[in-house]
Amino acid sequence: MTTKVSGSRYLPGAHARKRHPAEQRAHQYVVEWEQKKDQRKQSGNTKATLSPTICFSRKIGVGALEIAEILSQKTKQRVADRLIIDKIATDADLSQKTVTYFDERHPGKMNELGALFFGEKSFTLSDYTRKLFSAVITLAETESTIFVGRGTHLILPRDRVLAVRCISSKKFRIKRVADILGVSENDAKKQLEDADKEQRRFFKKAFENKDAPPEEFDLIINCDFLHQPEWAADIIHHAFISKFQSHNKMGQ
């Protein structure tokens, strides 16, 4: 999802801080997952488990990844943004590994997920959606994770997720993107409009849904008023501990 305007581009998820390329991070995650899989086999522990997870849904440009990175320092969870998720879901080698792993661990489960989202049309679950679902669930099972984007709160078991929606006015988003890229607000507005269209296309393709109704979430953060990422991270951290206190003392 990239858009070029006046020689600059805004790539959602790429501007929180200096980070390794998504391809490198995705491959590293899969290497770590395979190592842990081998360790489980050797120990005889093959039962699927899922640690409490934080899933961010956001309006493009609000700064959710920046909040997630600060939050990860508090909870000691890794961050998987849409760039990593897409890389694992679309890379032929990586996606084959995750789909194979998922089918081994959860035989027949993909049909259940398809039925959950598409009812009787589950048999038409697209190849991309299948890879997306298996990538997200595999990442969540191999290590406690903070997800940013790609509708992960809809894919993972709801009782294991703190679902957070980050919103703001369009004015806030435009100014933030303009500042990040050093472009005019008109250029930033055009890029955000294109990014919003791509986001709607994705949700239509993956979930047959283009909206994010508030009842899907545990917590909604309005970045117009909680405009410091540290403030939002503190609130989410407290909500995460409170929701999963009986399961996990993470971050305390």
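A residue is called buried when its relative accessible area is under 20%, exposed when it is over 50%, and partly exposed in between, with a 1.4 Å probe and protein chains only. The structure is a predicted model, in which local features need pLDDT of at least 70 and side-chain atom pairs count only at pLDDT 80 or more, while totals for chains, interfaces and linings use all residues. Residues are numbered from 1 along each chain as its sequence is written, and side-chain values use heavy atoms, with hydrogens and water left out.

**Exercise 1. Describe the surroundings of Ile-146, starting from its place in the secondary structure.**

Step 1. Ile-146 is found in strand β5, where helices (H or I, at least four residues) and strands (E, at least two) are DSSP runs, numbered from the N terminus. The protein has 10 helices and seven strands.

Step 2. With a relative accessible area of 0%, Ile-146 is buried, and buried residues make up 53% of the 252 residues in the protein.

Step 3. Contact means heavy atoms within 4.5 Å. Not counting residues up to four places away in sequence, Ile-146 touches Ile-54, Phe-56, Ala-68, Leu-71, Ser-72, Thr-75, Gln-77, Arg-78, Val-79 and Ala-80.

Step 4. A C-alpha distance can be added: Ile-146 and Leu-162, which are 16 residues apart along the chain, are separated by 9.6 Å.

**Exercise 2. Work out how helix α6 packs against α4 and against α9, and which residues make each contact.**

Step 1. For the angles, axes are lines fitted to C-alpha atoms, for helices over the stretch in contact, and angles run from 0 to 180 degrees between N-to-C directions. Angles under 35 degrees count as roughly parallel, over 145 as roughly antiparallel, 65 to 115 as roughly perpendicular and the rest as oblique.

Step 2. Helix α4 (residues 92-105) and helix α6 (residues 127-142) have axes 9 Å apart and pack at an angle of about 70 degrees, which means that α4 is roughly perpendicular to α6.

Step 3. On the α4 side the contact includes Ser-95, Thr-98, Val-99 and Tyr-101, and on the α6 side it includes Arg-130, Lys-131, Ser-134 and Ala-135. By class, this contact of α4 with α6 has five nonpolar, five polar and five charged residues, where Ala, Val, Leu, Ile, Met, Phe, Trp, Tyr, Cys and Pro count as nonpolar, Asp, Glu, Lys and Arg as charged, and the others, Gly among them, as polar.

Step 4. For α6 and α9 the angle is about 90 degrees, with the axes 9 Å apart, and therefore α6 is roughly perpendicular to α9. Tyr-128, Thr-129, Leu-132 and Phe-133 of α6 meet Phe-202, Lys-205, Ala-206 and Phe-207 of α9, and the residues of this contact divide into six nonpolar, one polar and one charged.

Step 5. Thr-129, placed in helix α6, is buried, with a relative accessible area of 1%. Leaving aside its neighbours within four places in sequence, Thr-129 is in contact with Lys-205 and Ala-206.

**Exercise 3. Find which residues have the most contacts inside the largest nonpolar core, and which element gives the core its largest share.**

Step 1. A nonpolar core is a set of buried Ala, Val, Leu, Ile, Met, Phe, Trp, Tyr and Cys residues joined through side-chain atoms within 4.5 Å.

Step 2. The largest such core has 34 residues, and those with the most contacts inside it are Ile-88, Leu-132, Phe-147 and Leu-156. Its largest share, eight residues, comes from α6.

Step 3. Leu-132 touches Ile-85, Ala-89, Arg-150, Ile-155, Phe-202 and Ala-206, when residues up to four places away in sequence are not counted. Another core, of 24 residues, lies apart from this one, and among its residues are Leu-65, Ala-68, Ala-232 and Phe-244.

**Exercise 4. Compare Lys-76 with Arg-150: is each buried or exposed?**

Step 1. Most residues other than glycine have a negative phi. Lys-76, however, has a positive phi of about 65 degrees although it is not a glycine, and phi of Arg-150 is likewise positive, near 65 degrees.

Step 2. Lys-76 lies in the loop between α2 (64-75) and β4 (78-81), whereas Arg-150 is in the loop between β5 (145-148) and α7 (152-155).

Step 3. At 68% relative accessibility Lys-76 counts as exposed, while Arg-150, with a relative accessible area of 7%, is buried.
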